Amino acid sequence: MSATDKIVLITGANKGIGLEIAKQIASLKGHHVLIGSRDAERGVKATESLGLPNVEPLTIDVSSDESVASAAESVKSKFGRLDILINNAGVALEGYLNVPTTRTLLRETFEINVFGAAATTEAFVPLLEKSISPAPSVIFVSSDLGSLAYRADPQGLFKDVNFPVYRTSKAAMNMLALTFAQRFREKGWKVNIHNPGYTATEFNNFMGTGTVEDAAKGAVRLALLGPDGETGTYSEKEGVIPW
Ligand SMILES: NC(=O)c1ccc[n+]([C@@H]2O[C@H](COP(=O)([O-])OP(=O)(O)OC[C@H]3O[C@@H](n4cnc5c(N)ncnc54)[C@H](OP(=O)(O)O)[C@@H]3O)[C@@H](O)[C@H]2O)c1
């Protein structure tokens with residue numbers, strides 16, 4: 001790799017939308033992509049499946065502080081910096097639309113979707129500070145199901161889709177992203193929220209209507225923003241999403 005290649009980390013990139021984001025970014029010149037995977041073997045297999053020279057696996061379980069710290073240490077010793085971080089790892093544990101909002105379900109979901117994204121971002125802040133890019137980029141892969149505006153409107157989009165725990169976790173993730181956006185605004189970082197849309201992946205037993213190719217595009221666009229690009233936004237391919 002060249003000394004000017006941007007180092008990109010995508011969490012939960014061993015399959016689904018994360019793997020496709022990795023593929024699209026790695027296909028562009030000047031990027032070295034770390035395929036984040038909580039399971040080392042799955043990370044190696046996913047990396048091999050891309051057959052590209054500028055990708056490599058990185059073991060990172062976002063629900064474990066030890067794993068996150070060890071991943072950050074490994075990136076620090078190998079590259080000394082990070083230029084683009086994509087917090088993509090996520091779960092929806094409800095399975096059914098009308099399950100009770102239990103403490104256990106909230107804890108397990110927040111552990112990955114919210115605490116995991118927060119801990120990962122914090123752990124990589126020192127390496128993003130060392131970025132060679134004038135506009136280091138952090139992307140939070142959220143969901144339109146996290147929109148308070150949609151949920152507050154009785155006739156709003158997805159009015160019949162309950163998933164209270166998942167929706168609450170993505171709304172919290174959005175606030176988390178906004179706080180990072182504000183914290184690093186003056187430094188020129190681009191911190192944005194991406195909604196991939198309802199996409200056919202294991203996440204929904206491939207019931208989603210969109211393709212991973214389409215779902216990844218917005219995240220890739222945000223990852224490549226320059227100094228004039230936006231920060232603190234919540235968007236999908238059709239444009240901005242109401243908060
Ligand atoms: N698919 C959709 O319709 C849709 C819509 C809106 C938003 N999203 C969001 O898009 C993101 C990607 O979803 P997807 O559809 O690609 O789902 P997916 O195919 O199920 O992939 C999820 C990824 O997250 C990883 N992951 C789960 N827990 C983790 C942990 N503790 N540490 C690290 N990685 C972990 C999974 O790893 P394992 O393989 O080890 O389980 C997998 O790589 C999620 O944040 C999701 O909320 C998806």
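Trainee: Which residue has a polar backbone atom 2.8 Å from an oxygen atom of the ligand?

Mentor: Keep in mind that we're looking at a predicted model here. Polar contacts are pairs of N or O atoms within 3.5 Å, and a ligand oxygen paired with a polar backbone atom at 2.8 Å fits that. The residue is I17.

Trainee: And how much of the ligand does the protein bury?

Mentor: Start with the ligand taken alone, which exposes 900 Å². Put the protein back around the ligand, and the share of that area it buries is 95%.

Trainee: Which residue has a polar backbone atom 3.0 Å from a nitrogen atom of the ligand?

Mentor: Now we're on a ligand nitrogen, and its partner is again a polar backbone atom. At 3.0 Å, that partner belongs to V62.

Trainee: How far is a polar backbone atom of G90 from an oxygen atom of the ligand?

Mentor: G90 turns up in the pocket story too, as one of the residues nearest the centre of the largest pocket. With the ligand, its polar backbone atom pairs with an oxygen. The distance there is 3.5 Å.

Trainee: Where does the ligand sit?

Mentor: Look for the pocket with a volume of about 1300 Å³. Its lining runs to 46 residues, with A92, T201, F203 and N204 among those nearest the centre. That's where you'll find the ligand: in the largest pocket.

Trainee: Which elements give two or more residues to the shell around the ligand?

Mentor: The shell counts 30 residues, and the closest include N14, R38 and Y166. Two elements give two or more residues to it. They're α1 (16–26) and α7 (164–183).

Trainee: How many residues of that shell are charged?

Mentor: Split the shell by class and you get 11 nonpolar and 13 polar residues. The charged ones number 6.

Trainee: Which element supplies the largest share of the lining of the largest pocket?

Mentor: Both α1 and α7 supply at least two residues to that lining. By class, the lining has 22 nonpolar, 16 polar and 8 charged residues. The largest share, 3 residues, comes from α1.

Trainee: What about the second largest pocket: which helix gives the largest share of its lining?

Mentor: That pocket has a volume of about 220 Å³. It's lined by 18 residues, with P196, G197, E236, K237 and E238 nearest its centre. The largest share of the lining is 3 residues, and they come from α8.

Conventions: Residues numbered from 1 in each chain as written. Predicted model: local features only at pLDDT ≥ 70, side-chain atom pairs only at ≥ 80, totals over all residues. Heavy atoms only, no water. Near = heavy atom within 4 Å. Polar contact = N/O pair within 3.5 Å; in protein donor to acceptor, adjacent residues only side chain to side chain. Areas by Shrake-Rupley, 256 points an atom, 1.4 Å probe, with all protein chains shown as cover. 1 Å grid on protein atoms, 1.4 Å probe; cavity = no way out; pocket = protein on both sides within 12 Å on 5 of 7 lines; lining within 4 Å. Sits in = over half its atoms within 2 Å of the grid points. Helix = DSSP H or I, 4+ residues; strand = E, 2+ residues; numbered from the N terminus. Nonpolar A, V, L, I, M, F, W, Y, C, P; charged D, E, K, R; others polar. Points joined across faces, edges and corners; volume = space filled by probe spheres on them.
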